[in-house]
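Reader: Before any system is set up, I would like to go through this model step by step. Please reason from the coordinates in each reply.

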Amino acid sequence: MSESRTFDVDGVPTTAVTDLPEDATVLDVREDDEWAAGHIDGALHIPMGQVPQRLEDLPQGQLHVVCRSGGRSQRTAMWLQRNGYDVVNVDGGMSAWAEAGRGMVSESGQEPFVR
C-alpha cells in the first residue's frame, strides 16, 4: 500500500479514508450508540468528552482520530496535538468510510451502519 497522503487543517494533519494505512491505530471519538451501530474493526473507542480523563488508555505512536463526519475528530485531534500527541484527523469520518465501502462491525451482530 502506498504511504498515506495528508494535508493540514488548522495545523492538524488530515487524511482521506482511502489513504488510511492498513496498520493505522484508529481512535473513534463518537458516542456509545454511534459506536455500537457500526465502527472500524480494531479501533479504540473513547467518546470525545472522555478523552481528557482517559489519556492513559491511549496507545503510544500515531493516532488516526475518527468521528461521524470529521468535526469532533478534528477538535479532539487539535486538543491531543496541543498536548503532545501525534495525531491525524480522518477527513469525512465514518460517513466517508462507509461511502468508500470500507468494512465495519457492529456491537449487536447486525449489519453495521453509521449512526
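**Strand pairing and the surroundings of a serine**

Author: In this predicted model, strand S2 (residues 12-16) pairs with S6 in the parallel sense, over 3 bridges.

Reader: Which residue in S6 is the bridge partner of Thr14?

Author: Thr14 falls within strand S2, residues 12-16. Strand S6 spans residues 87-91, and the bridge partner of Thr14 there is Asn89.

Reader: Which residue of strand S5 stands opposite Asn89 in S6?

Author: Strand S5 (residues 63-66) also pairs with S6 in the parallel sense, over 3 bridges. Within this pairing, the residue opposite Asn89 is Val65.

Reader: What is the handedness of the β-α-β unit made by S5, helix H2 and S6?

Author: The two strands of the unit, S5 and S6, are parallel. Helix H2 covers residues 71-82, and the unit of S5, H2 and S6 is right-handed.

Reader: How many of the residues of strand S6 are buried?

Author: Strand S6 pairs with S2 and also with S5. The strand is mostly covered, and of its 5 residues the number buried is 4.

Reader: Is Ser106 buried or exposed?

Author: Ser106 lies in the segment after helix H3 (93-99). Its relative accessible area is 15%. Because the cut-off for burial is under 20%, Ser106 counts as buried.

Reader: Which residue offers a backbone oxygen to the side chain of Ser106?

Author: The side chain of Ser106 has a polar contact of 3.4 Å with the side chain of Ser108. A backbone oxygen is also reached by the Ser106 side chain, at 2.6 Å, and that oxygen belongs to Gln110.

Reader: Which residues does Ser106 touch, not counting those up to four places away in sequence?

Author: Ser108 and Gln110 are within four places of Ser106 and do not enter this list. The residues touched are Ala36, Ala37, Gly38, His39 and Pro112.

Reader: What radius of gyration does the protein have?

Author: The C-alpha atoms fill a box of roughly 40 × 35 × 20 Å along the principal axes. For 115 residues, a compact globule would have a radius of gyration near 13 Å. The protein agrees with this, having 13 Å.

Reader: What share of the exposed area is supplied by carbon and sulfur atoms?

Author: Of the 115 residues, 39% count as buried. The protein exposes about 6,200 Å², and the share from carbon and sulfur atoms is 44%.

How values were computed. Residues numbered from 1 in each chain as written. Predicted model: local features only at pLDDT ≥ 70, side-chain atom pairs only at ≥ 80, totals over all residues. Heavy atoms only, no water. Buried < 20%, exposed > 50% of the residue type's maximum accessible area, 1.4 Å probe, protein only. Polar contact = N/O pair within 3.5 Å; in protein donor to acceptor, adjacent residues only side chain to side chain. Contact = heavy atoms within 4.5 Å. Pairing = 2+ DSSP bridges. Right-handed = clockwise from strand over helix to strand, strands pointing away. Rg over C-alpha atoms; globule rule 2.2 N^0.38 Å. Areas by Shrake-Rupley, 256 points an atom, 1.4 Å probe, with all protein chains shown as cover.
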